Amino acid sequence: MSNIAFLGLGAMGRRMALRLIKAGHQVTVWNRSAQALEALAGAGARVASSPAQAAASAEFVICMVRDDAASRVVWCEPESGALAAMQSSAIAIESSTLSIGWIGELGRAAQARGVALLEAPVSGSRPAAEAGQLVYLVGGEAGVLSRAEALLNTMGSAIHHLGPIGSGTLTKLATNSLLGIQVTALAEIIALLKRSGTDVERCLGAIAGTSVWAPVAHYLAKSMLSRDFQPQFPVELIEKDFAYTFAAAGAEPSMPTLAAARSVFSQGIQQGLGGDNMTAVVQLFDPR
Ligand SMILES: NC(=O)c1ccc[n+]([C@@H]2O[C@H](COP(=O)([O-])OP(=O)(O)OC[C@H]3O[C@@H](n4cnc5c(N)ncnc54)[C@H](OP(=O)(O)O)[C@@H]3O)[C@@H](O)[C@H]2O)c1
């Protein structure tokens, strides 16, 4: 069993950390706000007062936070950041969905510090995190991954090694671009079917029997039709990922389809839907 530091106990992080505790690892947790710490402490985790304190004696340091700014604080803050405190034999694992620019910078910071880094963003939402069914999209050295593989298997059901640092993040952003396009297209189509007075569920059932239907569309359509917008993957997080995808594409991206999908999520945020599940954007086209 390993000594693990888990940094970031949001909706995903706390579920992932809990799996590690249940698997028998010795887990030390840190989170920006104290509220999330209690439940993990109750489950057997040690609590640290900073990322550095959590990381100092860990063999693996896992980070699962919101965005670039949060990741920078966790790893690189001069006094409290995890990187400076880590043992040189330890492995840093960054699982947040971040920009290509920042993960590259973090890779260079880890190298300068002499610490091995894996980028390991995940596909799969809260239920997958709870069930240990996440899909890992990993960038970094194969030898480092082989040392971390057993640990990642505690939280995930598949591990894809995509290449050097940056390749995992790019694959994750591409995955979420495809997801977002399907969300916005389905939202518009459901609104069209309703306006047309057809039996929406029957129509979608027929489409679901064709090869164009993606597995995730079952979940998306169910959420939109039942108007259940309890956050799993909130609008503001998928919009953040679109922003990172555009940043990766450079100054003059030619991605009109992605731009249109992003504008739907931006509009959703403007309309106060940022904290709701991504499927809540159906309300932009099909208001009650
Ligand atoms: N939700 C999903 O379905 C899903 C699926 C795959 C990947 N992801 C990605 O996984 C990451 C975490 O997602 P989540 O759903 O767990 O998000 P979340 O519930 O919003 O949690 C965000 C975490 O980041 C921390 N944080 C935010 N800003 C910070 C800062 N400036 N400094 C330090 N910590 C900060 C929060 O701390 P506080 O508790 O103090 O606010 C919290 O622990 C994101 O990158 C997301 O895009 C999410």
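Domain bounds here come from an automatic or database domain assignment. The model you have open is predicted.

Start with the two domains. Colour residues 3–164 as domain 1 and 170–284 as domain 2. Now show the ligand. Both domains give residues to the shell around the ligand, so the ligand lies between them. The space it takes is the largest pocket.

Next, select the shell. It holds 22 residues. Sort them by class: nine are nonpolar, nine are polar and four are charged. For the closest ones, pick Asn 31, Arg 32, Ser 33, Ser 125 and Lys 240.

Which helices each supply at least two residues of this shell? Select helix H1 (11–22) and helix H12 (235–249).

Now zoom in on single contacts. Go to Lys 240. One of its polar side-chain atoms is 2.8 Å from a ligand oxygen. Move to Met 12. Here a backbone N or O atom lies 2.9 Å from an oxygen atom of the ligand. Then click Leu 9. A polar backbone atom of Leu 9 is 3.3 Å from a ligand oxygen.

Last stop: show the ligand's surface. On its own, the ligand has 900 Å² of accessible area, and the protein covers 85% of that.

Definitions and conventions:
Residues numbered from 1 in each chain as written. Predicted model: local features only at pLDDT ≥ 70, side-chain atom pairs only at ≥ 80, totals over all residues. Heavy atoms only, no water. Near = heavy atom within 4 Å. Polar contact = N/O pair within 3.5 Å; in protein donor to acceptor, adjacent residues only side chain to side chain. Areas by Shrake-Rupley, 256 points an atom, 1.4 Å probe, with all protein chains shown as cover. 1 Å grid on protein atoms, 1.4 Å probe; cavity = no way out; pocket = protein on both sides within 12 Å on 5 of 7 lines; lining within 4 Å. Sits in = over half its atoms within 2 Å of the grid points. Helix = DSSP H or I, 4+ residues; strand = E, 2+ residues; numbered from the N terminus. Nonpolar A, V, L, I, M, F, W, Y, C, P; charged D, E, K, R; others polar.
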